[in-house]
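The following account leads the reader through a structure, beginning with a contact between chains and then turning to the architecture of one chain.

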Amino acid sequence: MIKITKEIVEEHGINSEEYDFILKSLNREPTITELGIFSAMWSEHCSYKSSKYWLSQLPTKNEFVIQGPGENAGVIDIGDGYAAVFKMESHNHPSFIEPYQGAATGVGGILRDVFTMGARPVALLNSIRFGEVSHEKTKHLLTGVVSGIGGYGNCMGIPTVGGEVEFNSSYNDNILVNAMCVGIAKKDKIFYSKASGIGNSVVYVGSKTGRDGIHGATMASAEFDENSEEKRPTVQVGDPFSEKLLLEACMELMKMDVIVAIQDMGAAGLTSSAVEMAGKGNLGIELDLDKVPCREEKMSAYEIMLSESQERMLMILEPDKENVAKEIFEKWELDFSVIGKLTDTNRLIINHQKETKADIILDILEKGAPSYKRPYEINIFDDEGIKEDTLINDNPISILKKMIASPNLCSRKWVWEQYDHMVMTDTVLLPGGDSAIIRVHGTNKGLSVTSDSTPRYCASDPYEGGKQAVAEAWRNLISVGSLPIAITDCMNFGNPEKKDIMGQFAGVIKGMIEACNTLNFPVVSGNVSLYNETNGKGINPTPVIGGVGVVENLDIFSDQNLKRKNDFILIIGKTTGHLTQSIYANELLNYKKGLPPKVNLEEELKNGLAIKELINKRLIDTSHDISDGGLLIALTEMSMKNIIGFELKIEKDNLNSYLFGEDQARYAIAVEENKIEDVRLLLNEKNVFFEEIGQACKDKIIINNNNISILELKEIYENWFNNYLSKA
Amino acid sequence: MKLNVKIMPKNGVLDPQGKAIENSLSQLGFKNFSEIRQGKIIEIDIDADKDQAINITDEMCKKLLVNLIIEDYEIIFDREE
């Protein structure tokens with residue numbers, strides 16, 4: 001027996017108050033296995049103890065939501081008997097330690113969250129954030145993460161269709177890897193994790209259990225320090241081929257009426273899946289660990305319960321249906337083992353080698369889990385504008401050249417070309433635009449998907465930043481002509497025990513609540529990653545929003561590419577030229593003070609719905625949301641694909657603020673000559689503010705008296721990654 | 001100085017290739033074997049004496065050849081020369 005000392009308790013991330021509660025509840029000292037179980041279940045990652053109070057305030061329902069947060073993934077009704085199942089999750093710390101495997105297993109984990117609910121995954125997205133490009137680790141981490149994402153997704157045969165890449169010094173020693181998966185299921189064939197049926201069998205399927213990632217969940221919640229590299233041997237290695245087998249075996253079994261409940265073994269492995277499934281059903285669960293398929297010899301109960309080996313699932317089956325399932329899993333060369341049963345005791349009982357290693361009342365683990373309303377203070381930057389004389393007097397073309405060659409605005413093609421984004425042949429709108437569109441296989445309906453966040457806005461004003469992240473995801477779905485339905489969120493923040501960081505979290509959530517409500521865009525799933533700090537320095541608050549929308553008819557959608565010379569260029573929404581916290585200010589002028597643009601949600605709604613109507617009525621087929629970098633960057637992105645340029649005639653005193661400011665609720669659209677009257681009419685009718693600023697033209701970008709060829713711009717736009725990575 | 005670097009997955013780290021080989025062998029009817037792990041061998045010829053060669057190879061391993069997070073390595077000399 002291992003004696004539980006104060007040090008051991010501390011190592012498990014349990015504070016003295018929490019430990020006292022454990023002692024009182026158990027009425028004895030916990031065994032080491034029990035302590036491990038408490039530590040995993042009460043870690044930030046599993047218990048949401050610092051975030052629960054705030055998360056529970058987010059809107060989670062609208063007329064499309066079938067299942068909100070609390071399950072493996074969220075489920076929405078997309079019509080015609082289909083449902084979309086989706087979620088985003090972080091794999092930040094593992095990816096920092098071993099970028100390839102960390103990112104790969106992140107993708108593997110989010111795939112399981114989706115197919116465990118009965119949905120076949122159809123698309124992956126990844127929001128990845130690295131330190132500044134000059135940081136010594138950035139190249140290694142970037143290449144490792146991108147190949148890890150590609151490696152796993154490509155092997156599984158699931159297209160990676162979107163995401164974000166950002167470089168910022170706040171991620172120097174704490175990168176972010178947030179993976180999102182979207183799947184499609186028959187609406188009446190969704191599988192849940194709530195266990196039921198006393199006496200039913202608890203079944204382990206998938207790969208064997210090794211000593212992988214022991215205490216990954218606890219590690220993911222502990223601040224990194226100089227010694228964190230010592231924690232290396234716990235890294236999990238992904239095996240996408242096993243996951244593919246697991247996917248197909250689950251899909252085959254799900255066609256039969258056999259599974260009572262199912263959940264993947266993700267963070268905290270067997271512990272969290274067993275506890276959560278039995279807990280949701282208000283039942284007890286008894287496991288015999290001698291029956292767990294192990295990869296290594298002499299694994300202890302503690303190790304088996306906390307292992308985070310990948311590609312494993314836990315299912316509840318009626319005992320007389322075990323054989324049906326067994327046959328399928330053996331056919332797919334996967335382990336299948338009945339490891340326990342459901343009881344009516346509300347206890348978690350773990351037996352191993354003829355001893356009871358744990359006996360805990362489930363309510364203590366779940367409902368007894370700590371929940372803190374931590375002190376917080378919402379701080380925003382001072383409202384310091386940029387002085388006129390610091391503005392560059394350059395002509396806009398030369399600023400444009402610098403901006404599109406900067407790491408945060410250049411083409412992401414190098415990244416997404418490494419991902420198979422066309423496999424399954426249902427990718428209707430490819431990566432590189434506002435949203436990707438995936439056909440619902442065999443139908444003429446599509447799903448639009450996007451992921452967005454603007455951390456520098458959140459750092460300077462959490463509330464506006466929270467609103468903006470949701471609004472931008474909504475806008476990206478609108479600008480392809482789809483109806484935005486719901487979101488998943490991945491909340492990456494620093495140490496919540498610090499008032500100002502907790503304030504960032506609270507402020508962002510408040511902003512999100514308002515945006516979700518106004519835009520009818522609820523949260524259906526998500527994940528929280530806290531303690532993203534290195535040596536006490538927090539990352540920029542990064543709420544990544546994954547949005548999903550529906551394209552009713554795939555004959556009618558829009559993309560961002562200019563298609564015809566002479567099309568009228570319209571800017572929808574007001575441009576005041578808001579420069580503070582813009583990319584122009586932050587990266588070109590190196591001016592990081594001041595407030596981000598305000599998000600007027602009523603304007604967002606009005607302008608967005610007008611854009612959607614224009615697309616749906618086939619009045620436009622070219623639209624792009626204006627975000628990072630502002631108006632001119634948006635228009636330049638629109639010109640790259642078909643090498644069709646534009647000529648702008650703008651007479652403003654503050655031309656550069658106008659062109660590079662980041663006011664919200666704006667879109668750039670191109671309108672054919674014979675439709676311009678109808679477009680003006682509709683916009684005026686809806687009382688939508690718009691400006692006509694020029695026309696599309698041959699292969700040049702012309703602004704008043706300056707011009708540049710698109711091919712010249714394209715060269716610098718598309719080559720940044722190659723140049724960066726080829727330098728030693 | 002000719003030497004080999006033998007690189008193997010660390011003990012306890014999942015080795016999907018080894019697992020695949022193991023599965024295929026048992027499908028072919030082979031019995032009584034277990035614990036297959038697959039690594040790799042890298043041959044290097046270094047123009048230096050043995051001690052120096054070890055030092056240089058060690059650095060090569062740490063900087064490029066080996067992913068120390070999931071692999072172990074061993075420097076092996078062909079034969080005492």
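**The interface and chain A**

Between chain B and chain A, an area of about 1100 Å² is buried, and carbon and sulfur atoms give 55% of that area. On the side of chain B, B:Gly12, B:Leu14 and B:Ile69 supply 48% of the area that this chain buries against chain A, more than any other three residues. The contact draws on 15 residues from chain A and 11 residues from chain B. The model in which this interface appears is a predicted one.

Chain A itself may be considered next. Its secondary structure comprises 26 helices and 28 strands. The radius of gyration of chain A is 26 Å, close to the 27 Å that the globule rule gives for 728 residues, and chain A is therefore as compact as a globular protein of that length. Along the principal axes, the C-alpha atoms of chain A occupy a box of roughly 85 × 50 × 45 Å.

The packing of the chain can be described through its contacts and its burial. Of the contacts in chain A with a separation of 6 or more, 85% are made by residues 24 or more positions apart. Buried residues, those under 20% relative accessible area, constitute 65% of the 728 residues in chain A.

The surface and the charges complete the description. Chain A exposes about 26100 Å², and 48% of this area is supplied by carbon and sulfur atoms. Chain A carries 104 negative and 74 positive side chains, and the centres of these two sets lie 1 Å apart.

Terms used: Residues are numbered from 1 along each chain as its sequence is written. Chains are lettered from A and ligands numbered from 1 in the order in which they are written. This is a predicted model: local features need pLDDT of at least 70, side-chain atom pairs count only at pLDDT 80 or more; totals for chains, interfaces and linings use all residues. Side-chain values use heavy atoms; hydrogens and water are left out. Helices (H or I, at least four residues) and strands (E, at least two) are DSSP runs, numbered from the N terminus. The radius of gyration is taken over C-alpha atoms; the globule rule is 2.2 Å times the number of residues to the power 0.38. Buried means under 20% relative accessible area, exposed over 50%, partly exposed in between (1.4 Å probe, protein chains only). Contact means heavy atoms within 4.5 Å. Accessible areas come from the Shrake-Rupley method with a 1.4 Å probe; for residues, only the protein chains shown count as cover. Lys and Arg count as positive and Asp and Glu as negative; His and the chain ends are not counted. The place of a charge is taken as NZ of Lys, CZ of Arg, CG of Asp or CD of Glu. Buried area is the accessible area (1.4 Å probe) that two parts lose on being put together, summed over both.
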